[in-house]
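Below are short exercises on reading a protein structure. Try each task before reading its solution.

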Amino acid sequence: MKSNVFALLLALLFVGTAQAERVIVIMKDEQSFQAVHQAYKLKGSYSLNGFKAGGLKNGLNAVNGKVEDSLKNLKTIVVDVKSDEDIAKLQSSPAVAYVEKEIFYAVPRPVKGALSAAVQSSEKTGKGTPWGIHAVKAPQAWSVFNQGEGARVLVLDTGIDENHPALKDNFEKGMNFNAGSPASDYKDENGHGTHVAGTVAATMGEDGFVGVAPKAKILAGRVCSNDGCSSIGIIQGINWGVEEKVDVISMSLGGAWPSAAQRDAVAKADRAGVTVVAASGNDGTNRVSYPAAYPGAIAVGAIDIDLNKAEFSQYGKELAIVAPGVAVVSSVPQGTGREATATFHANGEDLAVNANSFVGGKELLKAETNVLVPAGLGKVEDFKNVDVKGFFALIQRGEINFSEKVKNAINAGAAGVVIYNNAPGLIQGALTDDGSTLPVGVFMIEQTVGMKALELIAQNKEVAMTLQTKATDYSAFDGTSMATPHVSGVVALMKAANKHLTGAEVKAILTRTATRLNGPNNNNELGAGLVNAEEAVKAALDAKQLELPF
């Protein structure tokens, strides 16, 4: 009982701004649950005050509260209460195991400011194939069994763009679990959920863009609104996944504070044969977030294209495995993605060059062309002897951060900023941390292009660039949120090959077959290593052939 009281106090202490005084109530036994569940089935939402069920003396009829939902698969009810006194009455009922007030996790968003190489794979699958698909050996796994046909994955997130070209053929159904909104309103207004779904199971595009399990089916549960991700909504989503008998529940969300109700829900999903995969978190600390840290979940961390731990990836004893989580290209709601284009003009010739735009810079939806003026490293002193007013400032990466370079350029009157890398490739990042937008566009070009521009300018030749930001249906995000669907997709491939695998068996296979990585792992920063779809599917088939538990 002490642990239950502690869980209640913890939930009350760290509650977010709720839409109503809602609580999740876990019933103590089947008889107690059935009493309230049957009433809900008959009446729908109903008042507990004066509640009577077959003479059951459970104290619930003294509670001034309204039953909003009854979760059959979790033996749990959702109650809208009027006061903390009513919460105490619920907790004191002999029919109740424990009570938790609704809390809200932060809305999942891509990591801002994390530097990442915006690299697409050049391997055989296609020039548009995200690098992570090859890193986890998904194409090799497809040749072992199939592409996930027969498996179903529930993504609990911000919703989905069900009409996205990469998702519409695999989308099965959706549900909204945000209070006060229609159940049918699972439209993704954030982009995060659509991005996650694409990594799990996008169909193969003409340019090679594809998800890990391109023939698996996607279900989408919208559990996050502008207020955050509701702990009750997440539990309702898990209950729906159990009801739908999905193979995998993928949760690229979480927070620092545990919930006994969520822990119980994850455990019940696991016992029902549903594998739960969740993100370790993006704070870079040695503490895995919840729900990933629960014993019944598979906690996923992130690595970059060089197979090093991503700086932001949380770790700890609960971390099971890692997957690609930096510069992960995937689907976003149609027209909300942004693609940077740049054209280099010199010696009467025009040459399209690779470029990235920075988050926080002005979106140049209409192309802008201007002359490049070199401004060194973009320090204050670098602008003293050059006139960039009304032109594009050409700045080298290095020594000071990007936001400072751009600030100095704006103060000097630059009409735009072009930063060239000081190493091969491109990187991306954010210039503001409050969502604000700067008055000029800020783009990055490759080192070789920047050096060529400097060489020509030194010969007194005019060099100009045309910059533009084009709307697309795809975008590159960073985060353990992006790593998680890689693993969820691999689990879908495994469950397609062997439906009888339990969550514990799936986790054991994933960790045993993972590709071991170089790098510090004394504190389990990398878990068992990089998820390996090919070997995991082989092991799943071996377990099926032997008809023995793994």
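The exercises that follow deal with a predicted model.

**Exercise 1. The open sheet**

Task: State in which order the seven strands of the open sheet lie, and find which strands stand at the edges.

Solution.
Step 1. The order of the seven strands is 8-9-7-12-13-14-15, and their pairing is parallel.
Step 2. Strand 8 (171–176) and strand 15 (319–324) are the edge strands. Each has a single partner strand, so one side of each lacks a neighbour in the sheet.
Step 3. From one strand to the next, the twist averages 25°.

**Exercise 2. Strand 9 and its partners**

Task: Work out how many bridges join strand 9 to strand 7 and to strand 8, and decide whether strand 9 is largely enclosed or open.

Solution.
Step 1. Strand 7 (residues 152–157) runs parallel to strand 9 (residues 217–222), and six bridges join them.
Step 2. Two positions show how these strands line up: Leu 156 has Gly 221 as its bridge partner in strand 9, and Asp 157 stands opposite Arg 222.
Step 3. Strand 8 also runs parallel to strand 9, with five bridges between them. Here Gly 174 has Ala 220 of strand 9 as its bridge partner.
Step 4. Five of the six residues of strand 9 are buried, so the rest of the structure largely encloses this strand.

**Exercise 3. The disulfide**

Task: Find which cysteines form a disulfide, and decide whether Cys 224 is buried or exposed.

Solution.
Step 1. The sulfur atoms of Cys 224 and Cys 229 are 2.0 Å apart, and the two residues form a disulfide. The count for the model is one disulfide.
Step 2. The angle about the S-S bond is 100°, and the link between Cys 224 and Cys 229 is right-handed.
Step 3. A residue is buried under 20% relative accessible area. Cys 224 has 2% relative accessibility, so it counts as buried. Cys 229, at 0%, is buried too.

**Exercise 4. Two packed helices**

Task: Describe how helix 6 and helix 11 pack, and name the strands that helix 11 lies across.

Solution.
Step 1. Two packed helices are described by the angle between their axes and the distance between the axes.
Step 2. For helix 6 (residues 192–201) and helix 11 (residues 480–497), the angle is about 35° and the axes are 8 Å apart. The crossing is right-handed.
Step 3. On the helix 6 side, the contact residues are His 192, His 195, Val 196, Thr 199 and Val 200. They meet Ser 481, Met 482, Pro 485, His 486, Ser 488 and Gly 489 of helix 11.
Step 4. Sorted by type, the residues of this contact are four nonpolar, seven polar and no charged.
Step 5. Helix 11 lies across strand 7, strand 12 (248–251), strand 13 (275–279), strand 14 (297–303) and strand 15. Its direction is at about 160° to strand 13.

**Exercise 5. Strand 25**

Task: Decide which side chains of strand 25 are buried, and find the bridge partner of Ser 331.

Solution.
Step 1. In a regular strand, side chains alternate between the two faces of the sheet.
Step 2. In strand 25 (residues 474–477), Ser 475 and Phe 477 point to one face and are buried. Tyr 474 and Ala 476 point to the other face and are not buried.
Step 3. Strand 16 (residues 328–331) runs antiparallel to strand 25, and four bridges join the two. Among the paired residues, Ser 331 has Tyr 474 as its bridge partner.

How values were computed: Residues numbered from 1 in each chain as written. Predicted model: local features only at pLDDT ≥ 70, side-chain atom pairs only at ≥ 80, totals over all residues. Heavy atoms only, no water. Buried < 20%, exposed > 50% of the residue type's maximum accessible area, 1.4 Å probe, protein only. Pairing = 2+ DSSP bridges. Axes fitted to C-alpha atoms, helices over the stretch in contact; angles between N-to-C directions. Left-handed = near helix turned anticlockwise from the far one by under 90°. Contact = heavy atoms within 4.5 Å. Nonpolar A, V, L, I, M, F, W, Y, C, P; charged D, E, K, R; others polar. Disulfide = S-S within 2.5 Å.
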